[in-house]
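Dear colleague,

I am passing on the structure we spoke about. My notes on the ligand site and the nonpolar cores come after it.

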Amino acid sequence: MSVEIQKIQDEAVAGISTATDERALEDARVAYLGKKGTMAAASAGMRDVPNEEKPAFGAALNAARKAIGDALESKTAELQDLADKKSVEGIDVTLPARELAQGGLHPLTIIKDRAIQILRRMGFALADGPEIETEFHCFDALNTPDDHPARNEKDTFYFDGGKLLRTHTSSVQVRTMEQTTPPVRIIAPGSAYRRDDVDATHLPVFNQLEGLYVDKDVKLGDLKGTLEYFLQAMFGDNTEVRFRPHFFPFTEPSFEIDVKLHVKGEEPKWIEVAGCGMVDPEVFSSICGQRKDDVFDPEKVTGYAFGMGLDRLAMIQWGIKDIRALIENDVRFLAQF
Ligand code: DAH
C-alpha cells in the first residue's frame with residue numbers, strides 16, 4: 001500500500017516540477033490535494049488496511065501530502081521569481097528616478113500669509129466675518145445709506161431676504177466693533193465680490209485684507225507710518241509708496257495708496273493697492289447706536305482703517321500683469337512660485 005502512495009507522490013512531484021504557469025500549478029493542487037483529488041482517494045483506502053499496517057500507511061500519507069505541498073510551494077516561488085525578473089527585463093535600474101512633481105502654495109496664499117505675519121508682528125490680531133452680509137454691516141453702518149452713489153457703484157450679488165455677497169471686507173470693522181471694546185487692532189483677510197467686468201485688473205471675486213485700529217489719540221501719522229512700514233516690509237526698503245487724497249464714505253480724510261510696480265522691460269508705473277483713512281465719526285456713532293453704549297463715542301476714540309487688495313499685492317510682488325492668471329490654475333504659471 002505504502003508503495004502505491006510513494007508512487008502517487010513521485011508522480012505528483014514530477015508533474016509539479018514541469019508546470020510552467022500558476023494556472024497549471026493550481027490545477028495540480030486540486031488534482032492531488034483537492035477534496036476529490038488523488039490523495040483524498042488514497043486516504044479513503046485506510047479503511048481496507050489491516051490494523052497493524054495503519055500507522056505506517058498514515059505516516060506515508062502524511063509524508064506524501066507534505067512532499068506535494070512543499071513541491072507546490074517551491075514551484076510557486078520559482079514561477080514568481082521568473083515573473084519578477086521578466087517584468088524588469090530591459091529596465092536599467094541604475095537610471096536616476098523620475099522627479100516627483102511637488103505641490104506648492106498658491107501665490108495668493110503666500111502673499112496673504114506674509115502680510116498677516118508682518119501685521120501680527122505690529123500688534124494686529126486676526127478677525128473674521130461672514131461673506132454673505134447684511135446691508136447694514138456692508139453699507140449702512142459704514143456711513144453709506146441707501147441713496148449713496150458709492151452703494152450703487154458697488155452693487156453686488158443679492159440674495160432673497162436682502163442679504164448680499166460683501167463688496168468689501170470693511171464689514172468686518174463693524175462686526176468687530178459690535179463685539180469688542182477699544183483698543184481695537186485687527187486685520188481681516190478674505191474674499192469680496194463685485195459686479196465687475198473681468199479684465200486684466202478686475203475679477204468679480206477678489207481678495208482683500210482689512211485693517212482697523214481704534215484707540216485714544218490715533219492719528220493720521222500713525223496710519224501713514226504703519227502702512228509705509230508694512231509695504232516696505234512686504235516689497236523691500238526701497239519700495240516707493242504714494243498716498244493720494246480720495247473719498248470713502250466711512251473715512252475722513254481718505255486716501256488711496258499706490259505702489260510703484262516694476263515689470264522687467266517696461267516703464268515703472270503706479271498701481272493702486274489700498275484704500276485707507278481716519279474712521280469717520282459717523283461710523284463710530286452708528287456703532288454706539290448699535291451697542292447701546294458709548295465706548296466708541298467719537299469724542300473719546302479715533303481710529304484708522306485700511307483695505308488692501310491682496311491680488312494687487314501679489315501682482316506687484318511678482319510683476320504679474322494679468323490678475324486672471326491668479327485664478328486660471330495653469331500649472332505652468334503656478335509652478336513658478
Ligand atoms: N472698502 C474699500 C474698498 O473696497 C477699501 C477701503 C478704503 C477700506 C478705506 C478701508 C478704508 O478700511 O478705510 O474699496
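A backbone N or O atom of F306 sits 3.3 Å from an oxygen atom of the ligand. Please keep in mind that this is a predicted model. For A305, a backbone N or O atom is 3.1 Å from a ligand oxygen atom. E210 takes part through its side chain, where an N or O atom is 2.6 Å from an oxygen atom of the ligand.

The ligand on its own exposes 350 Å², and the protein buries 94% of that. Three elements each give two or more residues to the surrounding shell: β5 (205–215), β8 (269–279) and β9 (302–309). The shell consists of 15 residues, the closest being S170, Q173, R194, Q208 and E210. Sorted by class, eight of the shell residues are polar, five are nonpolar and two are charged.

On the cores: F306 appears again here, as one of the residues that touch the most other members of the largest nonpolar core. That core has 43 residues, and the others in this group are L209, F230, L231, I257 and L313. What is L313 in contact with, leaving aside neighbours within four places in sequence? The list is I111, F230, L231, M234, F235, V273 and M308. Another core, of 21 residues, lies apart from the largest one and includes I186, A188, L212 and F284. As general background, nonpolar side chains in soluble globular proteins tend to be buried together.

Best regards

Terms used:
Residues are numbered from 1 along each chain as its sequence is written. This is a predicted model: local features need pLDDT of at least 70, side-chain atom pairs count only at pLDDT 80 or more; totals for chains, interfaces and linings use all residues. Side-chain values use heavy atoms; hydrogens and water are left out. A residue is near a molecule or strand if one of its heavy atoms lies within 4 Å of it. A polar contact is a pair of N or O atoms within 3.5 Å; within protein, one must be able to donate a hydrogen and the other to accept it, and residues adjacent in sequence count only if both atoms are side-chain atoms. Accessible areas come from the Shrake-Rupley method with a 1.4 Å probe; for residues, only the protein chains shown count as cover. Helices (H or I, at least four residues) and strands (E, at least two) are DSSP runs, numbered from the N terminus. Ala, Val, Leu, Ile, Met, Phe, Trp, Tyr, Cys and Pro count as nonpolar, Asp, Glu, Lys and Arg as charged, and the others, Gly among them, as polar. A nonpolar core is a set of buried Ala, Val, Leu, Ile, Met, Phe, Trp, Tyr and Cys residues joined through side-chain atoms within 4.5 Å. Buried means under 20% relative accessible area, exposed over 50%, partly exposed in between (1.4 Å probe, protein chains only). Contact means heavy atoms within 4.5 Å.
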